[in-house]
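Please open the model in a viewer and keep the selection panel at hand. The tour below moves from one selection to the next and states what is found at each stop.

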Amino acid sequence: MAAKNSNTPPSRRMRGFEPAFGLMREQLRTAGEARGFAVTRLLTHWSEVVGAEIAAQCRPVKIGYARDGFGATLTLLTTGASAPILQMQLPAIRDKVNACYGYNAISRISLTQTAPTGFAEGQAHFSPAPKPEPPAPDPATRAEAQAVAEGCTDAGLKAALEQLAENVLSKHAKSAANRKA
């Protein structure tokens, strides 16, 4: 076995924690560049760039660059019913996308309409799943949490302390139940 050179960079495990996106950054950049996306933030944060209402109606598919190099064309995928609404909002979408790039990279936006079902790309939904409702707290845990925050006079602080105590107590109860099982 060869000895390690002291000039070699540390192995992956030696760098500590790394954001999850860092693990897939290169694959996403390669896939995005294949479709013309030089800024991957446009794909990964689409709803933040254009707003939740517009993001629910369309998604970016491709950026095409003209031969003369004056501006690019962003292609958006949408359903037929949403296309007229989006058509009216194209200048605002272009401004928001160009703000993401930091300069006037996009000069045109093209809408591609598809059926809501039946095509592979038409079936893809990018909106996150709704978060499940937390279970109702145990009345005994709730009463104990209220007793912990009883001496506080500020209503906002008291509510925050009650919520914190309730979270801590329910977590301890859940971990105790898991140890018994």
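Helices (H or I, at least four residues) and strands (E, at least two) are DSSP runs, numbered from the N terminus. In that numbering, Ile 63 has its place in strand β1. The model is a predicted one.

**The whole chain**

Begin with a cartoon view of the entire protein. Its secondary structure amounts to 9 helices and 3 strands. Followed along the sequence, these elements give the pattern α-α-α-α-β-β-α-α-β-α-α-α. Of the 181 residues, 25% count as buried. Among contacts with a separation of 6 or more, 52% are between residues 24 or more positions apart.

Now switch to a surface representation. The accessible surface comes to about 13400 Å², and carbon and sulfur atoms hold 58% of that area.

**Strand β1**

Return to the cartoon and select Ile 63, in strand β1. Is this residue buried or exposed? With a relative accessibility of 4%, Ile 63 counts as buried. Draw a distance from its C-alpha atom to that of Ile 109: the two atoms are separated by 9.1 Å, although the residues are 46 apart along the chain.

Next select Tyr 65, which also lies in strand β1. Here the relative accessibility is 52%, and Tyr 65 therefore counts as exposed, the threshold for that class being over 50%. A second C-alpha distance, from Tyr 65 to Ala 105, comes to 9.6 Å, for residues 40 apart along the chain.

**The largest nonpolar core**

Which residues have the most contacts inside the largest nonpolar core? Select Leu 42, Trp 46, Val 50, Leu 74, Ile 93, Val 97 and Ile 106 and show their side chains; they hold that position in a core of 20 residues. Colour the elements that give two or more residues to this core: the helices α3 (46–50), α4 (52–55) and α6 (90–101), together with the strands β1 (58–65), β2 (72–79) and β3 (106–114). The largest share, 5 residues, is supplied by α6. As a general background to this stop, nonpolar side chains in soluble globular proteins tend to be buried together.

**The cysteines Cys 58 and Cys 152**

Select Cys 58 next. Its relative accessibility is 3%, so Cys 58 counts as buried. Cys 152 is buried as well, with a relative accessible area of 19%, just inside a class that requires a value under 20%. How many disulfides does a search of the whole structure find? The search returns 0.

**Helices α8 and α9**

Move to helix α8, residues 139–148, and select Thr 141 within it. Thr 141 is buried, at a relative accessible area of 11%. Once neighbours within four places in sequence are set aside, Thr 141 is in contact with Glu 166, Leu 169 and Ser 170.

Keep Glu 166 selected and add Arg 142. These two residues form a salt bridge whose closest N and O atoms are 2.6 Å apart. Because Glu 166 lies in helix α9 and Arg 142 in helix α8, the pair ties together parts that are 24 residues apart in sequence. Glu 166 counts as buried, with 9% relative accessibility. Arg 142, by contrast, counts as partly exposed, at 31%.

Then add Glu 162. Glu 162 forms a salt bridge with Arg 142 too, the closest N and O atoms being 3.9 Å apart. This pair likewise runs between helix α9, which holds Glu 162, and helix α8, which holds Arg 142, and so ties together parts that are 20 residues apart in sequence. Glu 162 is buried, with a relative accessible area of 12%.

How many salt bridges does a search of the whole structure find? There are 2. Salt bridges with shared partners join Arg 142, Glu 162 and Glu 166 into one network.

**A nonpolar patch on the surface**

For the last stop, turn the surface on again and select Leu 157, Leu 161, Leu 164 and Val 168. These residues make a nonpolar surface patch of about 330 Å². Leu 161 lies in helix α9, which covers residues 155–180. Its relative accessible area of 34% makes Leu 161 partly exposed. A residue can enter a patch because its relative accessible area is over 30% and no salt bridge involves it.

Key: Residues numbered from 1 in each chain as written. Predicted model: local features only at pLDDT ≥ 70, side-chain atom pairs only at ≥ 80, totals over all residues. Heavy atoms only, no water. Patch = residues over 30% accessible without salt bridge, like charges linked within 9 Å, V, L, I, M, F, W, Y side chains within 5 Å. Areas by Shrake-Rupley, 256 points an atom, 1.4 Å probe, with all protein chains shown as cover. Salt bridge = Lys/Arg side-chain N within 4 Å of Asp/Glu carboxyl O. Buried < 20%, exposed > 50% of the residue type's maximum accessible area, 1.4 Å probe, protein only. Core = buried A, V, L, I, M, F, W, Y, C linked by side-chain atoms within 4.5 Å. Contact = heavy atoms within 4.5 Å. Disulfide = S-S within 2.5 Å.
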